[in-house]
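Notebook open, structure loaded. I want to go through the charged pairs, the helices and the odd backbone spots.

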Amino acid sequence: MKALIEKLTQIPGPPGYEKQIRDAVRAEIEPYADEIRVDALGNLIARNGEAPDKGLRIMLTAHIDEIGVIATHIDEGGFIRFTNIGGVRRRYVPGGRVRFLDGTRGVIGTEKITNSYRVPALNKMYIDVGASSKADCPIEIGDVAIFERPFTDLGKRMVSKAMDDRVGVALLIETLKKLKETPHQIYFVFSVQEEVGVRGATTAAFGVDPDLGLAVDV
């Protein structure tokens, strides 16, 4: 499964911008599902099995979105101020690299630190994309970016961005591929916007109305 995990983790998909990763997952599962649809919020929902006589309607879900950042201000020096989208941990942010959805890459710096043992707040950080002024900065307020952390295979361990929750997504894909027959009706939900309030899975649960729901996450 390493090749699949590597493929999935490297595709961008911040909350609200999951189209690329949704399309990739759809291509993986399309030959194996009885029905596939995308709901109004953007969840990818695949069904296997007909309405059960004695079995259950089961919903398995894993979220396809990942944490990111959003530009909130461009200062006169061309530096981008930002805030988090999802569970961004400040201690891992300084010095990190990001990639905006238009392909623009940047590195995260901080304002002057007087106490090197204290992690600065996000509003004391900025993204440098190489611009020298606000006028030549290619990024606009509201643009979103993901963290640039390439896949590395350490043998029994793997390192990458978006392991949360592309590992869960990979597990659901493999389960769907190997599920030959079942007395149940099973819905595989690849949900959106988990990082900003579990919005996709909540919406899908009302739409599917399962007897049993299982969330696969890391």
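I started with lysine 161 and glutamate 66, whose side chains meet in a salt bridge at 3.0 Å, N to O. This pair ties together distant parts of the chain, 95 residues apart. Lysine 161 sits in the loop between strand 11 and helix 3, and glutamate 66 in the loop between strand 3 and strand 4 (68–74). I checked burial as well: both lysine 161 and glutamate 66 are buried. Note to self: this is a predicted model.

Next I looked for salt bridges that share partners. Lys7, Glu28, Glu174 and Lys177 are joined that way into one network. Within it I looked up lysine 177 and glutamate 28, which form a salt bridge with the closest N and O atoms 3.1 Å apart. Lysine 177 is in helix 3 and glutamate 28 in helix 2, with their positions 149 residues apart in the chain, so I filed this one under distant links too. Lysine 177 and glutamate 28 are both buried. My total for salt bridges is 13.

I then pulled up arginine 47 and glutamate 50, another salt bridge, at 3.6 Å from N to O. Is each partner buried or exposed? Arginine 47 is buried, with a relative accessible area of 11%, whereas glutamate 50 is exposed at 56%.

On to helix 3. I counted 16 residues, 163–178, and got 22 Å from the first C-alpha to the last, close to the 22 Å expected at 1.5 Å a residue. Its buried residues include Met163, Val169, Leu172, Ile173 and Leu176. Charged residues are on that list as well, among them Asp165, Arg166, Glu174 and Lys177. I looked up what covers the buried residues of helix 3, and the cover includes helix 1 (2–9), helix 2 (19–29), strand 2, strand 3, strand 11 (158–159) and strand 12.

One backbone oddity turned up here. The peptide bond from aspartate 164 to aspartate 165 is cis, with omega near 10 degrees. Aspartate 165 lies in helix 3. I flagged the bond because most peptide bonds are trans.

Helix 4 (residues 199–208) came next. Which of its residues are buried? I found Gly200, Ala201, Ala204 and Val208. They cover an arc of only 90 degrees around the axis, which puts them on the same side of helix 4. The spacing fits the textbook picture: an α-helix has 3.6 residues a turn, so residues three or four places apart point the same way. The buried residues of helix 4 pack against strand 1 (35–38), strand 2, strand 3 and strand 12 (185–191).

I also went through the phi angles. Most residues other than glycine have a negative phi. Aspartate 209, which follows helix 4, has a positive phi near 55 degrees. Aspartate 209 is in the loop between helix 4 and strand 13 (212–215), and at 51% relative accessibility aspartate 209 counts as exposed, since the cut-off is over 50%. Glutamine 193 also has a positive phi, near 55 degrees, and is placed in the loop between strand 12 and helix 4. Glutamine 193 counts as buried, at 13% relative accessibility.

Last entry, the surface. Leu56, Leu212 and Leu214 make a nonpolar patch of about 230 Å². Leucine 56 is found in the loop between strand 2 (44–48) and strand 3 (57–63). Leucine 56 is partly exposed, with a relative accessible area of 35%.

Definitions and conventions
Residues numbered from 1 in each chain as written. Predicted model: local features only at pLDDT ≥ 70, side-chain atom pairs only at ≥ 80, totals over all residues. Heavy atoms only, no water. Patch = residues over 30% accessible without salt bridge, like charges linked within 9 Å, V, L, I, M, F, W, Y side chains within 5 Å. Areas by Shrake-Rupley, 256 points an atom, 1.4 Å probe, with all protein chains shown as cover. Salt bridge = Lys/Arg side-chain N within 4 Å of Asp/Glu carboxyl O. Helix = DSSP H or I, 4+ residues; strand = E, 2+ residues; numbered from the N terminus. Buried < 20%, exposed > 50% of the residue type's maximum accessible area, 1.4 Å probe, protein only. Arc of directions from axis to C-beta. Contact = heavy atoms within 4.5 Å. Expected span 1.5 Å × (residues − 1).
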